[in-house]
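Please open the model in a viewer with side chains available for display. The tour below proceeds by selection, and each stop states what is to be found there.

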Amino acid sequence: MRDITDAEFESVVGFGRVLVEFYSTNCPPCRALGPILDRLAKDLPDVVFVKLNVDNHMEHASKLGLTSVPTLVLYDNGQEIKRHVGLISATDLTAWVCL
């Protein structure tokens, strides 16, 4: 998964299916979720997985009204279609992304 910035956000989520993890470096659940997302990114090549550090890039987190991390937001061609807050198992995350 690659880190994106607020400046890249719109162009990254604008095309195809994109899952964005909003995270903080001092968030234990965020650190636990990282390896799960890395594995899932390899298993689901049709979905682009990216992450945005809210410590350094608050613009879109604020626009979306995010109050907790980790928050996962799934986009389809720039439109938010799902949102999940908190840690999630690999099995549940796979089902969540694919449904």
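Begin by selecting Val13, which is buried, with a relative accessible area of 2%. The model is a predicted one, and residue numbers count from 1 along the chain as its sequence is written. Val13 has its place in helix H1. Next, display the surroundings of Val13: apart from neighbours within four places in sequence, Val13 is in contact with Val18, Val20, Tyr75, Asn77 and Gly78. To see how the fold brings remote parts of the chain together, add Leu74 to the selection; Val13 and Leu74 are 61 residues apart in sequence, yet their C-alpha atoms are 8.9 Å apart in space.

One of the contacts of Val13 merits its own stop, namely Asn77. Asn77 sits in the loop between E4 and strand E5 (79-85). Which sign does phi have at Asn77? The angle is positive, about 50 degrees, although Asn77 is not a glycine. As background, most residues other than glycine have a negative phi, and most peptide bonds are trans.

The second part of that background leads to the next selection, Val69 and Pro70. These two residues are joined by a cis peptide bond, with omega about 0 degrees. Pro70 is found in the loop between H3 and E4.

Now turn to the aromatic side chains. How many aromatic pairs does the structure hold? There are two. For one of them, select Phe9 and Phe22: the ring centres are 6.1 Å apart and the planes are at 45 degrees, so this pair is tilted. Phe9 belongs to helix H1 (residues 6-13) and Phe22 to strand E2 (residues 17-23), so the pair ties together parts that are 13 residues apart in sequence. Are these two residues buried or exposed? Phe9 has a relative accessible area of 3% and is buried; Phe22, at 0%, is buried as well.

Keep Phe9 selected and add Tyr75. Phe9 and Tyr75 form an edge-to-face aromatic pair, 5.8 Å centre to centre with 85 degrees between the planes. Because Phe9 lies in helix H1 and Tyr75 in strand E4 (residues 71-76), this pair ties together parts that are 66 residues apart in sequence. Tyr75 is buried, as is Phe9. With Phe9, Phe22 and Tyr75 displayed together, the view shows one aromatic cluster.

From the cluster, move to His60, in helix H3 (residues 59-63). His60 counts as buried, at 4% relative accessibility. Beyond its neighbours within four places in sequence, His60 is in contact with Asp6, Phe9, Glu10 and Phe22, and Phe9 and Phe22 are members of the aromatic cluster just visited.

Another histidine, His57, is the next selection. His57 lies in the loop between strand E3 (47-53) and H3. Not counting residues up to four places away in sequence, His57 touches Ile4, Thr5, Asp6 and Leu52. Asp6 also appears among the contacts of His60. Add Cys30 for a check on distance: His57 and Cys30 are 27 residues apart in sequence and 16 Å apart in space, C-alpha to C-alpha.

Proceed to Asn53 in strand E3. Asn53 is buried, with a relative accessible area of 7%. With neighbours within four places in sequence left aside, the residues in contact with Asn53 are Asp3, Tyr23, Ser24 and Thr25. Then centre the view on Tyr23: Lys51 lies over the face of this ring, at 5.4 Å from the ring centre.

The last stop is a pair of helices. Two packed helices are described by the angle between their axes and the distance between the axes. Select helix H2 (residues 28-43) and helix H4 (residues 90-98), which pack at an angle of about 50 degrees with their axes 10 Å apart. H2 and H4 are therefore oblique to each other, and H2 passes H4 in a right-handed crossing.

Which residues meet where the two helices pack? Ile36, Leu37 and Leu40 in H2 meet Ala90, Leu93, Thr94 and Val97 in H4. Finish on Ile36, which is buried, with a relative accessible area of 15%. Leaving out neighbours within four places in sequence, Ile36 is in contact with Ile88, Ala90 and Leu93. The C-alpha atoms of Ile36 and Leu93 are separated by 8.6 Å, although the two residues are 57 residues apart along the chain.

Terms used:
Predicted model: local features only at pLDDT ≥ 70, side-chain atom pairs only at ≥ 80, totals over all residues. Heavy atoms only, no water. Phe/Tyr/Trp six-rings, centres within 6.5 Å; stacked < 30°, edge-to-face > 60°. Helix = DSSP H or I, 4+ residues; strand = E, 2+ residues; numbered from the N terminus. Buried < 20%, exposed > 50% of the residue type's maximum accessible area, 1.4 Å probe, protein only. Lys NZ or Arg CZ within 6 Å of the ring centre and 35° of its normal. Contact = heavy atoms within 4.5 Å. Axes fitted to C-alpha atoms, helices over the stretch in contact; angles between N-to-C directions. Parallel < 35°, antiparallel > 145°, perpendicular 65-115°, else oblique. Left-handed = near helix turned anticlockwise from the far one by under 90°.
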